[in-house]
Amino acid sequence: MAPTTRSLLFPRVIVENDNDYEQSSSEEEEDDDDDDEKEPLHDEDEEENGRNSENEGQRIEEESNKKGKAPITISLKKVCKVCKRTGHEAGFKGATYIDCPMKPCFLCKMPGHTTMTCPHRVATEFGVIPASNKNTRNALLYVFERQFKPHIPPIKPAFVIPDQVNCAVIRYHSRRVTCLEFHPTNNRLLLSGDKKGQVGVWDYDKVHEKVVYGNIHSCIVNNMRFSPTNDDLIYAASSDGTISCTDMETGISSQLMNLNPDGWQGPNSWRMLYGMDINPEKHTVFVADNFGFLYSVDTRSNNRSGQAVLIHKKGSKVVGLHCNPLQPDLLLSCGNDHFARVWDIRRLVAGSSLYDLAHRRVVNSAYFSPISGCKILTTSQDNRIRVWDSIFGNLDSPSREIVHSHDFNRHLTPFRAEWDPKDPSESLAVIGRYISENYNGIALHPIDFIDVSTGQLVAEVMDPNITTISPVNKLHPRDDVLASGSSRSLFIWRPKDDHELAEQDERKIVICTGMEKKRKHKSKNDDSDDDSDVDKSTPTTKGKNFKSKKPATGMKKTSHKMKR
């Protein structure tokens with residue numbers, strides 16, 4: 001008896017190619033048909049075999065469909081990552097951004113040109129109207145300039161740019177850095193918060209002296225502020241819905257407010273705290289949540305005071321709060337409802353904002369100027385930095401809009417343009433850049449220093465060893481120091497002097513390596529380690545010298561040089 005065999009039915013495989021390839025193949029078929037017409041020689045056996053094979057394929061396909069085996073489609077077509085259409089590609093290839101023909105320029109959001117040829121990319125001051133130097137005839141502004149701005153020099157001083165990495169701690173946090181804050185009196189202490197809820201304290205003068213508090217919050221630390229009356233107390237707002245007060249001397253943390261006392265009850269009821277600032281005159285901590293409400297906590301009793309006030313559209317996230325440095329009763333807020341609003345906290349009720357500053361997209365940050373408090377600087381997701389020169393003037397439209405690349409929020413801390421607190425002219429701001437540039441074959445993401453009074457790019461600083469994006473940047477309030485958070489690492493930048501050129505390779509770098517076994521299956525790339533679960537770290541040194549791949553003279557490019 002002959003053995004019985006079972007026929008194996010495999011699903012049909014369909015291979016899709018590009019349109020150009022299909023067109024060329026169809027042309028070849030037409031040519032073949034023409035040749036066949038010229039030479040009509042056919043083999044009847046071959047035609048019959050072809051018909052039989054087609055019938056067999058149809059039978060197999062029908063049987064596979066009856067058994068529930070859907071055909072497998074393998075597509076070889078080029079698919080655009082931007083518009084999801086076939087026939088073209090768009091996105092980054094190394095340091096070059098390829099535009100989608102169906103979309104406008106990625107940088108300025110305007111049609112008619114590509115991102116690489118965008119005039120705003122060549123010169124950030126393109127289309128920006130500089131601030132006027134003429135004296136105003138407005139009586140209120142005249143009194144303001146006489147009383148509140150006598151210490152601001154009429155001649156703008158030269159900017160001091162920290163353009164060289166002095167020290168760093170690599171993979172300091174277990175997840176990406178979300179906020180930075182310098183100590184108000186100790187010039188060498190830097191505090192940092194991360195996505196996992198940890199708070200780090202780093203003495204960057206001694207480099208190796210660092211500690212991470214991992215039991216303060218359970219998720220993202222969005223903002224940190226020091227107490228105006230006690231330099232050892234640090235307040236932090238987190239996405240777990242709590243405000244913490246931590247004593248840096250003892251490491252003991254207390255919880256001032258918890259908006260989720262019953263734990264997780266679903267996304268519709270879970271409240272997360274984002275924006276936070278402290279009013280020193282009222283002894284009050286102001287925080288805002290993801291539903292548009294503002295809360296206040298009395299720092300003397302460490303208890304919540306008053307009722308929650310709706311300051312933005314209900315259901316929208318309030319990501320930033322800032323009290324005016326000279327008039328703390330003025331509060332500036334910004335959120336996902338595309339508005340930045342100015343409030344008077346002495347009559348704070350829903351809908352009572354003094355000014356509503358409209359934006360086209362989400363507003364990542366909004367700050368008063370650090371010395372006079374009369375200017376406003378905002379950062380929006382539409383790749384615009386907006387400046388209002390006076391809060392006493394017309395706030396219906398900004399004084400100027402500066403196009404800058406920071407339209408990216410997924411898996412990154414939002415970009416925020418921040419003032420230089422030491423600049424007496426209140427015109428220098430720092431912000432990280434999203435679109436990478438090609439520097440000697442290396443794709444780098446510079447940190448930009450922008451003169452917001454003219455829109456000019458003062459300097460762009462970079463290091464060939466820092467290939468990740470640096471969205472979190474903080475300028476020291478007293479020293480010429482810049483702290484930047486890139487992925488899970490911290491970097492300290494200082495100005496490069498002539499006498500330090502010989503010592504440029506003696507920068508101190510500390511690498512934190514994880515001790516847990518579950519880190520073994522994780523990627524070694526610093527970008528992909530954003531969601532790692534390491535809690536403990538031990539310091540090791542990466543040698544005494546940190547050699548750069550490029551000469552130190554290429555670390556900074558000034559605005560008069562064209563980007564290539």
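**Figure 1. Overview of the predicted model.** Helices (DSSP runs of H or I, at least four residues) and strands (runs of E, at least two) are numbered from the N terminus, and by this scheme the protein holds four helices and 37 strands. Of its 564 residues, 47% count as buried, where buried means under 20% relative accessible area with a 1.4 Å probe, protein chains only. This is a predicted model, in which local features need pLDDT of at least 70 and side-chain atom pairs count only at pLDDT 80 or more, while totals for chains, interfaces and linings use all residues. Residues are numbered from 1 along each chain as its sequence is written, and side-chain values use heavy atoms, with hydrogens and water left out.

**Figure 2. Close-up of the aromatic pairs around Tyr-204.** Rings of Phe, Tyr and Trp (its six-membered ring) pair if their centres lie within 6.5 Å, and planes over 60 degrees apart count as edge-to-face; the count by this rule comes to five aromatic pairs. Phe-182 and Tyr-204 form an edge-to-face pair, 6.3 Å centre to centre with 85 degrees between the planes. This pair links distant parts of the chain, 22 residues apart, with Phe-182 in strand 6 and Tyr-204 in the loop between strand 8 (199-203) and strand 9 (210-213). Tyr-204 is buried, with a relative accessible area of 2%, and Phe-182 also counts as buried, at 5%. Trp-202 and Tyr-204 form another edge-to-face pair, 6.2 Å centre to centre with 65 degrees between the planes, and Trp-202 is buried at 0%.

**Figure 3. Close-up of a ring cluster.** Ring pairs link Phe-106, Phe-408 and Tyr-434 into this cluster.

Note on methods: Buried means under 20% relative accessible area, exposed over 50%, partly exposed in between (1.4 Å probe, protein chains only). Rings of Phe, Tyr and Trp (its six-membered ring) pair if their centres lie within 6.5 Å; planes under 30 degrees apart count as stacked, over 60 as edge-to-face and the rest as tilted.
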